[in-house]
Amino acid sequence: MRLEPIKKPTLARKLTPPAIALTTTIVIASLLAMVAGANPFNVIGLILKGSFGSTFAILETLNRATPLIFTGLAVAVAFRAKFWNIGAEAQLYAGALMTVLLGTGTLPWPSMAILPTIIIASILAGAIVLLVPALLKTRFGVDEVVTTLLFNFIFLLFISMLLEGVLKDPMGMGWPKSARLIPEARLPRIVDGLRLHWGFGLAIFSAVCIWIIQTRSTLGYEMRAVGLNKEAAAFAGIPVNIVILKTALLSGGLAALAGFSEVAGLKGSLTLDLSPGFGYTGIIVAMLALLNPLGVVLAALFVAGIFVGADSMSRAADVPTYLADIMLATALLLMVLAILLTRFRVVRE
Amino acid sequence: MEIIDILFTASFWAAAIRIASPLIFATLGELICERAGVLNLGIEGIMVAGAFAGWMAVYSGTALWTGVCVAMLVGMLFGLLHSTLTVPFGLSQHVVGLGITLLATSSTYYAYRLALPEVTSPPKIAAFQPYEIPILSDIPLLGPALFSQTPLTYLAFILVGVVSLVLYRTPLGLAVRAAGENPAAVAAQGLSVTAIRMGAVMVGSGLMAVGGAFLTMSAFDSFFFEMVNGRGWICIALVVFGSWRPGKALLGAILFAAFDALQIRVQQTSLGTHVPYQIFLMMPYILSILALILMSRRAQVPAALMVPFNKGER
């Protein structure tokens with residue numbers, strides 16, 4: 001078989017493969033739920049009901065989407081420049097760590113300045129964590145896929161060490177958990193009485209900012225050029241290594257905001273289970289969004305919906321929650337294939 | 001010095017070889033994929049799937065070696081999925097690989113929950129037992145370390161030889177290496193790059209799964225979540241460290257495992273009581289990164305690694 005580019009894809013050509021991919025994902029999930037003893041025709045309904053069926057469910061989904069928007073943006077920015085940051089998990093914890101470092105004591109600042117200071121410091125922490133693999137790549141040619149992956153393990157152990165050592169909350173009944181943030185360091189709720197915090201607003205704001213950077217700025221242009229063809233970009237006078245370092249700083253900072261927003265908006269303290277893999281899920285979010293920053297918001301809502309919905313479905317129908325991860329992995333693999341098939345035709349030889 | 005004393009005990013080296021065994025299988029598997037030009041980031045998930053499949057087969061009543069074959073088959077299935085997406089369709093090897101890792105891990109956990117819904121501690125199987133090779137196992141130090149291992153460890157060492165032999169001494173190996181260096185030349189010979197690459201990824205993925213199965217069937221006797229714990233990613237680093245050569249990769253795996261065995265023992269010495277245990281647990285990952293820094297400049301990366309091949313395209 002051979003792939004042949006389609007000059008002018010029709011609308012049907014653009015829509016059919018993704019639709020088939022989505023349907024197949026749903027069918028596979030339903031069949032797997034049937035294996036677990038649930039009614040296969042009920043599964044998707046239960047997931048939808050659990051994720052968007054009530055005000056509480058919708059707020060839960062928006063809360064879950066918030067860190068995913070940040071990590072999704074972090075991955076989208078990096079992958080656009082073909083810088084494979086698989087370490088958003090570590091950068092997320094760097095942001096969370098900075099948040100509790102600054103936000104648990106009494107700060108000598110006026111309370112107005114506390115949140116902005118923490119936000120900037122968190123961004124810097126995440127940026128620096130990713131700068132190490134980026135420098136190893138530009139200086140020594142070390143592949144960033146492996147280094148960022150291994151950094152996740154190293155950084156989580158580092159956090160574990162701090163939580164059992166200097167950062168351990170003396171009032172924490174022996175649990176490895178940091179002290180709670182002071183009230184001035186917490187992100188307020190968007191609407192009083194509704195469980196949704198300003199982290200979500202910050203996430204949407206970041207998505208718009210990144211979209212502007214990518215489409216309207218020189219840096220955005222350079223990042224795309226480096227991603228498309230490094231040699232050509234260098235030939236055109238673009239400082240490739242500098243662009244990669246800038247990309248890394250931006251990407252790491254975004255991922256760190258996920259950690260900041262989870263601690264300051266939702267949890268109030270740092271524990272080792274702060275992130276159930278938000279950094280890795282960000283890769284799925286970014287790919288489903290075709291690396292488009294505004295698409296990341298939609299994709300994050302979709303992914304968060306599946307997680308929240310699958311949680312409630314698994315309680316209602318007694319199906320293991322891992323079904324959500326299977327659905328996402330299947331959707332990811334089928335979607336990248338479907339998107340290829342909107343632009344190429346398979347020709348038999 | 002306590003640390004020096006540790007280095008001269010047979011039990012230390014026996015542990016190092018045992019820790020190295022799953023890494024040897026999986027590193028060889030990754031090496032075969034990459035030599036053919038395909039980066040397989042599915043390795044971590046495929047090891048999880050292999051660990052569960054082999055163990056589950058034995059737990060359901062098959063023989064140990066049948067369990068190894070089941071693990072290998074499951075690995076090859078994931079390899080088939082990976083290579084179908086990355087080779088003929090030429091999709092991003094990074095994205096597909098990570099997708100396969102997520103798919104393999106989550107479906108394994110799903111299957112585990114379905115198969116054993118109500119267990120608090122995972123059940124055990126009668127795992128592979130050490131087999132002392134006559135005469136050789138009587139050699140001081142070397143005997144207990146190298147020749148009193150489980151059969152799967154011997155298989156790992158034999159495979160290093162077999163893979164080297166096939167890669168460097170047979171037409172098949174030449175075709176695999178050429179597919180990773182200069183696929184156009186392979187196609188010009190009338191061979192199918194697609195078939196070679198897909199075959200290499202399937203065989204490689206099968207070996208990764210056996211590496212996972214070593215954990216549940218030889219190193220331990222039951223299946224835990226988080227059991228593989230980044231070993232797959234470490235194997236990717238070991239391939240680079242070994243410059244894509246089986247022999248050097250074996251050396252890297254043993255060196256790495258020796259450090260790992262050492263950190264476990266140092267934790268129990270007086271030094272270990274003063275240093276947080278997380279520092280010791282970090283060592284393997286830090287070591288892998290250091291190895292990459294040392295080797296990356298000199299590494300002989302297969303020229304067509306991660307480059308999809310589309311016949312007729314120039």
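Cys235(B) is buried, at 0% relative accessibility. Buried means under 20% relative accessible area, exposed over 50%, and partly exposed in between, with a 1.4 Å probe and protein chains only. Cys33(B) is buried too, at 0% relative accessibility. This is a predicted model: local features need pLDDT of at least 70, side-chain atom pairs count only at pLDDT 80 or more, and totals for chains, interfaces and linings use all residues. Residues are numbered from 1 along each chain as its sequence is written, chains are lettered from A and ligands numbered from 1 in the order in which they are written, and side-chain values use heavy atoms, without hydrogens and water.

A disulfide is a pair of cysteine sulfur atoms within 2.5 Å. The count over all chains is zero. For Cys33(B), the nearest cysteine sulfur is that of Cys235(B), 12 Å away.

The largest nonpolar core has 221 residues. Such a core joins buried Ala, Val, Leu, Ile, Met, Phe, Trp, Tyr and Cys residues through side-chain atoms within 4.5 Å. Helix 2 (residues 10-35) of chain B gives the largest share, 14 residues. Helices are DSSP runs of H or I, at least four residues, numbered from the N terminus. Phe79(A), Leu270(A), Phe223(B) and Trp233(B) have the most contacts inside the core. Beyond its neighbours within four places in sequence, Leu270(A) is in contact (heavy atoms within 4.5 Å) with residues including Tyr93(A), Leu97(A) and Ile159(A).

Two residues other than glycine have positive phi.

| Residue | Phi | Place | Relative accessible area |
|---|---|---|---|
| Leu290(A) | near 55° | loop between helix 11 (278-288) and helix 12 (293-317) of chain A | 47%, partly exposed |
| Met306(B) | about 70° | segment after helix 14 (277-296) of chain B | 33%, partly exposed |

How values were computed:
Helix = DSSP H or I, 4+ residues; strand = E, 2+ residues; numbered from the N terminus.
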